[in-house]
Amino acid sequence: MRSLSREEIDINEEKKANKLFIILFYFIYIFFEVYRNFIRPLLDIAGEEIIFRSQTMMATTIVFYIVITSLLPISVWLTRNKRPFSIKYLYFSVFFLGILVTEILRYYGNSDTYASGSPVELFFVLFAPIYVNRVYYLVVAIGFVCKYSFMGFFTLSPEVTFPIVLLVLFSTVTFIILNRFKTYLRTVEKSYERAGHNEKLAFIGQIATSVTHEIKNPLTSLKGFVQLQELEQHYNPKYSQIMLQELERLNIIVNDLMVLGKPQALKLKSVELINCLSYVINLVQQQADNNHITICFDYDEKQIYISGEDVRLKQVFLNVLKNAMEAMPDGGEIKVKVRQEEKWTTVQIVDRGIGIPEEEIPNLEKAFYSTKENGTGLGLMVSYQIVEEHRGRIDVESEIDIGTTFSVHFPTPKIM
Ligand code: ADP
Ligand code: MG
C-alpha cells in the first residue's frame, strides 16, 4: 500500500473536520432559526415576531438563508479542488457578516436592549479547536468579542459585558486545550520520527555486521592462499582453483546484496538445470569434503530446461546447499534431486541435519533470521525473493534431528 504524504494526510483530516463541522452547523443553525422565528412567537414567550417586523428585516433574513444554503455546494466544489482549508473561514465570515447585518437592522432606530446572540456563535467558538489551527481559532474568538463590543456601543447596552466575559472565558479554556493538544501532537510526531530514524540506523548496522562477517571468511582465505603461493614461488594450480572458488563466493554475496538493494527485472533465458546445479555442487565440493559430506546428485534426464536467470538460480541453490551443509556438522549425505513434470520443475535438496522447528519455518524468509553465530540471515530471504521473481515457490519440510527438505519449484516452460 502506498503511504500518504504529509499534505494528503492534512487534506484528509481537514475533510473529516469539515464534515463534522458542516453537519453540526446546519443542525444547530436550522434548529435555532426555526425556534426563534416560528416556535417562540407561537409560544409567545418574548411576545415578538422579529423577522416579521419589517419588510427589510424579512428580505435580509431570506437572503441570509439563501447565502448560507449556497455555502454547501461551494464547499463541495472547494473540496473537489483540493482547497478544503478555506471552507471554515467561508462559513465563519458569511455567518459573521450575516448576523452583524441582521442585528444592526434589528436594533436600528429602536431602544430595545440588546439580547445577545445565537447558540451558533457558541458552536463556532467551542468547535474551533477541531481544526487544530490557531489562526482560525483566534479569528473566531476575536471576531465575536469585537461584534459584542460593537453591538454594546451601538445599542448602548452595558449588558453585553456578560456575553463578552463568557466568550473570553470559553475561548481561554478551549485555547489552552487546543495548545495542549498541539504540543502533545508535536511530541508524538517527534518520537515517531526518532523511532523511524533509529530503526533505519539499526537496519544499516545489521546489514553492515552481516556483510563484514560474510566477506571476511573468503577474504581471509584468499589472503592465505596468495601468501602460500608467494612462499612456494612457483605456480600451484590447486591454489588458483580454491582462490577462484573464494572469489566466486564473494561474487555471490555481492549478488545477494544487490538483490536486497534494488530488485532488478529478470533477464529470462532458457537455463539448463543439471548444468547449473553441477556448477554449484562443484563450488561447494571442497567445503563438503572438509566436513565429510557427500553430495549425491540424482536426475532423470540429461538436460532439464526452465526459463530463468542463470546467476540468480545459482545463488538460490548455493544458499540452500550451504545451509544444508551447515546443518550437518558431523557429516553425512545430502541429496540433490531434479524432476520435471508437466506443470512444475522441482529441485529438491535433502539433508540429514539438525532440522528446523516447525514454528520457525515462517521466519526463514525474513531478513536476519539466523540461528548461526556467524550467520547473516539473508541467504534464504534473498532466495525466496528470487524464486518468487521466477514465479516459483519454496516448500520446506523438516524434522528435528532427522533432516530438512527444501523443494524449489519452478513453472515448467510450455515449449521445451
Ligand atoms: P544464515 O545461513 O546466514 O543463518 P539463512 O537465511 O541462509 O541465513 O538461513 C536462516 C536460518 O534458517 C539458519 O540460520 C538456520 O537456522 C535455518 N536453516 C536454513 N536451512 C536449514 C537447514 N537445511 N537445516 C536446518 N536449519 C536451516
Ligand atoms: Mg545461509
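Are phenylalanine 21 and tyrosine 91 buried or exposed? In this predicted model, both phenylalanine 21 and tyrosine 91 turn out to be buried. These two residues make a good place to begin a walk through the structure, which holds 32 aromatic pairs. Phenylalanine 21 and tyrosine 91 form one of them, and the arrangement is edge-to-face, with 6.0 Å from centre to centre and 85° between the planes. Phenylalanine 21 belongs to helix 1 (residues 6-43) and tyrosine 91 to helix 3 (residues 87-107), so the pair ties together parts that are 70 residues apart in sequence.

A second pair gives a helpful contrast in geometry. The ring centres of phenylalanine 27 and phenylalanine 31 are 6.5 Å apart and the planes meet at 15°, so this pair is stacked. Both residues sit in helix 1, 4 residues apart, which is about one turn of the helix. As for their surroundings, phenylalanine 27 counts as exposed because its relative accessibility is 57%, above the cut-off of 50%. Phenylalanine 31 is likewise exposed, with a relative accessible area of 62%.

From single pairs, the view can widen to the nonpolar interior. The largest nonpolar core contains 41 residues, and Ile295, Phe317 and Leu321 have the most contacts inside it. Several elements give two or more residues to this core, including helix 8 (273-290), strand 2 (293-299), helix 9 (310-326) and helix 10 (379-389). Helix 8 is the greatest contributor, with 9 residues. A look at isoleucine 295 shows how such a core is joined up: leaving out residues up to four places away in sequence, isoleucine 295 touches Ile281, Val284, Ala288, Leu321, Met325, Ile334 and Val336. Another core lies apart from this one; it has 35 residues, with Tyr26, Ile68, Phe95 and Val125 among them.

Two serines show that burial is not reserved for nonpolar residues. Serine 383 has its place in helix 10 and counts as buried because its relative accessibility is 0%. Beyond its neighbours within four places in sequence, serine 383 is in contact with Val316, Asn319 and Ile394. For a sense of scale, serine 383 and isoleucine 104 are separated by 279 residues in sequence and by 79 Å in space, taken from C-alpha to C-alpha.

Serine 407 is found in strand 7 and is also buried, with a relative accessible area of 3%. Its side chain makes a polar contact of 3.2 Å with the side chain of glutamine 348. Not counting residues up to four places away in sequence, serine 407 touches Thr346, Val347, Gln348, Arg393, Ile394 and Asp395. Ile394 therefore appears among the contacts of both serine 383 and serine 407, a link that follows from counting heavy atoms within 4.5 Å as a contact.

The last stop is ligand 1. Around ligand 1 there are 20 residues, and the closest are Asn323, Ser370, Thr371, Lys372 and Thr376. Some of the distances to its oxygen atoms can be followed one by one. An N or O atom in the side chain of asparagine 323 is 2.8 Å from an oxygen atom of ligand 1. With leucine 380, a backbone N or O atom takes part, again at 2.8 Å from an oxygen atom of the ligand. Glycine 379 also places a backbone N or O atom 3.5 Å from an oxygen atom of ligand 1. Taken alone, ligand 1 exposes 540 Å², and the protein buries 94% of that area.

Note on methods. Residues are numbered from 1 along each chain as its sequence is written. Chains are lettered from A and ligands numbered from 1 in the order in which they are written. This is a predicted model: local features need pLDDT of at least 70, side-chain atom pairs count only at pLDDT 80 or more; totals for chains, interfaces and linings use all residues. Side-chain values use heavy atoms; hydrogens and water are left out. A nonpolar core is a set of buried Ala, Val, Leu, Ile, Met, Phe, Trp, Tyr and Cys residues joined through side-chain atoms within 4.5 Å. Buried means under 20% relative accessible area, exposed over 50%, partly exposed in between (1.4 Å probe, protein chains only). A residue is near a molecule or strand if one of its heavy atoms lies within 4 Å of it. A polar contact is a pair of N or O atoms within 3.5 Å; within protein, one must be able to donate a hydrogen and the other to accept it, and residues adjacent in sequence count only if both atoms are side-chain atoms. Accessible areas come from the Shrake-Rupley method with a 1.4 Å probe; for residues, only the protein chains shown count as cover. Rings of Phe, Tyr and Trp (its six-membered ring) pair if their centres lie within 6.5 Å; planes under 30 degrees apart count as stacked, over 60 as edge-to-face and the rest as tilted.
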